[in-house]
Amino acid sequence: MPVGEGGLPSASQSCPALVLFSELSYLRLIARESPVVSGQQYCKANKKHTTKMDNVFHMRSAGAAAEGVRDQYADGRAARVWEAFIGDKNSRTQNYRNFLVGLLRKNGCQRILDVACGTGIDSIMLLEEGFEVTSVDASDKMLKYALRARWNRRKEPAFDKWVIEEANWLTLADDIADLIGDGFDAVICLGNSFAHLPDVTGDQRDQKKALENFKKCVKRGGLLLIDHRNYDDILETGKTPKHCLYYNSKRTTEIVTSVLYVEAKPTVVTLDYLLDMSDEKEKNVQNGVTPDDTIARFRLSYYPHRLEVFKRMLQDVFGIKSEHTLYGDFKQLHEIDNPAFYIHVIQKAFI
């Protein structure tokens, strides 16, 4: 099958029936055509406009990492808008802060590896709470914000010692071999970050390889904290909750959800974030919007992890002697019916 940008089927080349859209309004938003019934019918009825619909399948903004895990923030725009979306580094929700800091302290964790550092918001929070933090990310565009924060606070001992590196999950243990030592007390991969890694082979071998690398970075008896959205619910309803558990951002006006199916299997969930940037009009250079554009749009794509499959994969990697605790929206599962996020806490076996 011909492929378009991002390794996905190009609608300008073919109109596969296997592509289903969870929200048809998305086609109107992208193509700005009259209402349609399905992506396939849209192709048949609007052949001359199928190049417009091709936008639906583009997984990210222009730009890609040189090798390894694709960098969806490579063009810089998504990184700028995401930084504006997050806002103040102290905007982490109190529930999240209490959950993460409390869990780490309860388990005696001090030396932390943040493998999805991004702009540094989690790492900064942990540094301020007295933890020793090493931060890595595959996106240099995101890391520049973390590096700037470290420079601005370099006179503070914790920030002066803050280690920030660019690294790839698929080669992580080798990339930071000189930093691992006997292993970190905890490795964190939060904020739905792990789902950025696509399943290009169809058997999740890259996901397993990344988890193996995470395991190599955790000391015996140490923890891996990793999360993902409730993709079971997203695939069933075709919708993504707009409220974010991790940030106090009030900018989100809409999250438009699309699902790509390959051979009847959900392979990519694409989220188009629409953010209200009206109060940032004068900061258009920093935030990547024009003075006339008060709604910033950017797209991120994710692999839709099924809960039971993900649990089995963690057990396969860490072994049956590891301990696995599952939370929903920072609560015990019996306290919540349908969480937006699942948070897995794996304790590596002592032997």
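1. Which residue in β12 is the bridge partner of L225? That partner is V345. The two strands involved, β6 and β12, pair in the antiparallel sense over 7 bridges. Keep in mind while looking that this is a predicted model.

2. Now zoom out to the sheet. β6 and β12 sit side by side in an open sheet of 8 strands, ordered β4-β3-β2-β5-β6-β12-β10-β11, and the pairing is mixed. At the edges you'll find β4 (163–166) and β11 (331–332), each pairing on one side only.

3. Next, the helices against it. α7 lies across β3 (132–137) and β4, running at about 165 degrees to β4. Helix α14 (residues 307–318) lies across β6, β10 (323–328) and β12, at about 15 degrees to β12.

4. α7 is worth a closer look. Its 13 residues reach 18 Å from first C-alpha to last, close to the 18 Å expected at 1.5 Å a residue. M142, L143, Y145, A146 and A149 are buried. These residues are on the same side of α7 because they cover an arc of only 150 degrees around the axis. Over on the other side, W151 and N152 are exposed.

5. As for the interior, the largest nonpolar core has 35 residues, and L100, L126 and W162 have the most contacts inside it. Elements giving two or more residues include α7, β6 and β12, while α5 gives the most, with 6 residues. Beyond its neighbours within four places in sequence, L100 is in contact with M125, L126, I188, L190 and L225.

6. There's also a second, separate core of 29 residues, with V218, F310, V317 and F318 among them.

How values were computed: Residues are numbered from 1 along each chain as its sequence is written. This is a predicted model: local features need pLDDT of at least 70, side-chain atom pairs count only at pLDDT 80 or more; totals for chains, interfaces and linings use all residues. Side-chain values use heavy atoms; hydrogens and water are left out. A nonpolar core is a set of buried Ala, Val, Leu, Ile, Met, Phe, Trp, Tyr and Cys residues joined through side-chain atoms within 4.5 Å. Buried means under 20% relative accessible area, exposed over 50%, partly exposed in between (1.4 Å probe, protein chains only). Helices (H or I, at least four residues) and strands (E, at least two) are DSSP runs, numbered from the N terminus. Contact means heavy atoms within 4.5 Å. The expected span of a helix is 1.5 Å times one less than its number of residues. The arc is that of the directions from the helix axis to the C-beta atoms. Two strands pair if DSSP finds at least two bridges between them. Axes are lines fitted to C-alpha atoms, for helices over the stretch in contact, and angles run from 0 to 180 degrees between N-to-C directions.
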